[in-house]
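This report is written for a reader who meets the structure for the first time. Please keep the sequence and the model in view while reading.

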Amino acid sequence: MKVNLMWGQGHPLSGYLNVDPHTFGVEGVNTGDVTDLDGYVNDSEATEILALDIIDFLPLDMAGKAMHNWVKKLRHGGKIVVGGTDVSLVCMMFNKKALDLTQFNKIIHGEQKSGWDFKASHLSIKELAELLEGLGLKILKKRHSHFQMSVEAQRP
């Protein structure tokens with residue numbers, strides 16, 4: 001089973017179980033809690049989990065608990081890709097004056113155009129990789145695209 005976790009603005013992927021707490025009535029999307037997949041996925045069932053823009057919207061302690069839940073759902077050899085905004089990179093660019101205060105706030109706090117689009121916490125790519133390693137995963141790739149980061153890891 002492949003799982004795609006979304007946060008109100010993602011697009012459902014064909015061949016994946018798509019879960020989003022903020023999408024109602026969209027075909028192919030299950031409205032549910034992305035931090036606790038117990039109602040959707042058995043432990044060690046998922047071959048792949050995508051959580052590309054979830055952790056920024058969760059309070060830091062909840063992000064750690066959510067990742068623990070996601071890792072339990074991975075089968076041995078299964079992969080997870082977790083992404084978000086790299087706070088270290090954003091702060092570095094702001095400090096270098098490559099971003100003005102308005103741009104900085106928009107990246108850090110979200111668009112804030114709706115009730116769900118407020119970011120609650122941030123990690124750096126280093127901290128995200130360390131969190132996943134601490135959950136027993138092997139880091140396969142770390143990537144940046146503009147201010148977005150993603151870490152791909154595998155359950156041994």
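The following paragraphs treat a strand residue, the salt bridges, and some backbone features in turn.

The structure is a predicted model, and every statement below should be read in that light.

**A residue of strand β1**

Strand β1 comprises residues 2-5, and Leu5 belongs to it. Is Leu5 buried or exposed? Its relative accessibility is 3%, and because the limit for a buried residue is under 20%, Leu5 counts as buried. Beyond its neighbours within four places in sequence, Leu5 is in contact with Val19, Val34, Leu37, Ile49, Leu50, Ala51, Leu52, Ile54 and Trp70. As for Val29, 24 residues separate this residue from Leu5 in sequence, while the C-alpha atoms of the two are 9.7 Å apart in space.

**Salt bridges**

The count of salt bridges in the model comes to six. Three of them are set out in the table, each with the distance between nitrogen and oxygen.

| Salt bridge | N to O distance |
|---|---|
| Lys73 and Asp38 | 2.6 Å |
| Lys119 and Asp56 | 3.7 Å |
| Lys126 and Glu130 | 2.8 Å |

In the pair formed by Lys73 and Asp38, the closest N and O atoms are 2.6 Å apart. Where in the chain do Lys73 and Asp38 lie? Lys73 is in helix α1, which spans residues 60-73, whereas Asp38 is in the loop between β3 and β4; the two are 35 residues apart, and the pair links distant parts of the chain. Lys73 has a relative accessible area of 2% and is therefore buried. Asp38, with a relative accessible area of 42%, is partly exposed. A network of salt bridges links these two residues with Asp43.

The salt bridge of Lys119 with Asp56 has its closest N and O atoms 3.7 Å apart. Lys119 lies in the loop between α3 and α4, and Asp56 in the loop between β4 and α1, so this pair ties together parts that are 63 residues apart in sequence. Lys119 and Asp56 are both buried.

Lys126 and Glu130 meet through their side chains within helix α4, at 2.8 Å from N to O. Because they are four residues apart in that helix, about one helical turn separates them. In general, an α-helix has 3.6 residues a turn, so residues three or four places apart point the same way. Lys126 is exposed, its relative accessible area being 53%, while Glu130 is partly exposed at 41%.

**Backbone features around the helices and loops**

Helix α2 covers residues 87-95. At its N-terminal end, Asp86 acts as a cap, with a side-chain oxygen 3.0 Å from the backbone nitrogen of Ser88. Which phi does Lys97 take just after α2? The phi of Lys97 is positive, at about 70 degrees, although the residue is not a glycine. Lys97 is found in the loop that runs between α2 and α3, the latter being residues 101-109. With a relative accessible area of 73%, Lys97 is exposed.

Ser44 likewise is not a glycine, yet has a positive phi, of about 60 degrees. Ser44 is found in the loop between β3 (29-31) and β4 (46-51). At 34% relative accessibility, Ser44 counts as partly exposed. The loop between β3 and β4 also holds Asp38, the salt-bridge partner of Lys73 described above.

Terms used
Residues are numbered from 1 along each chain as its sequence is written. This is a predicted model: local features need pLDDT of at least 70, side-chain atom pairs count only at pLDDT 80 or more; totals for chains, interfaces and linings use all residues. Side-chain values use heavy atoms; hydrogens and water are left out. Buried means under 20% relative accessible area, exposed over 50%, partly exposed in between (1.4 Å probe, protein chains only). Contact means heavy atoms within 4.5 Å. A polar contact is a pair of N or O atoms within 3.5 Å; within protein, one must be able to donate a hydrogen and the other to accept it, and residues adjacent in sequence count only if both atoms are side-chain atoms. A salt bridge is a side-chain nitrogen of Lys or Arg within 4 Å of a carboxyl oxygen of Asp or Glu.
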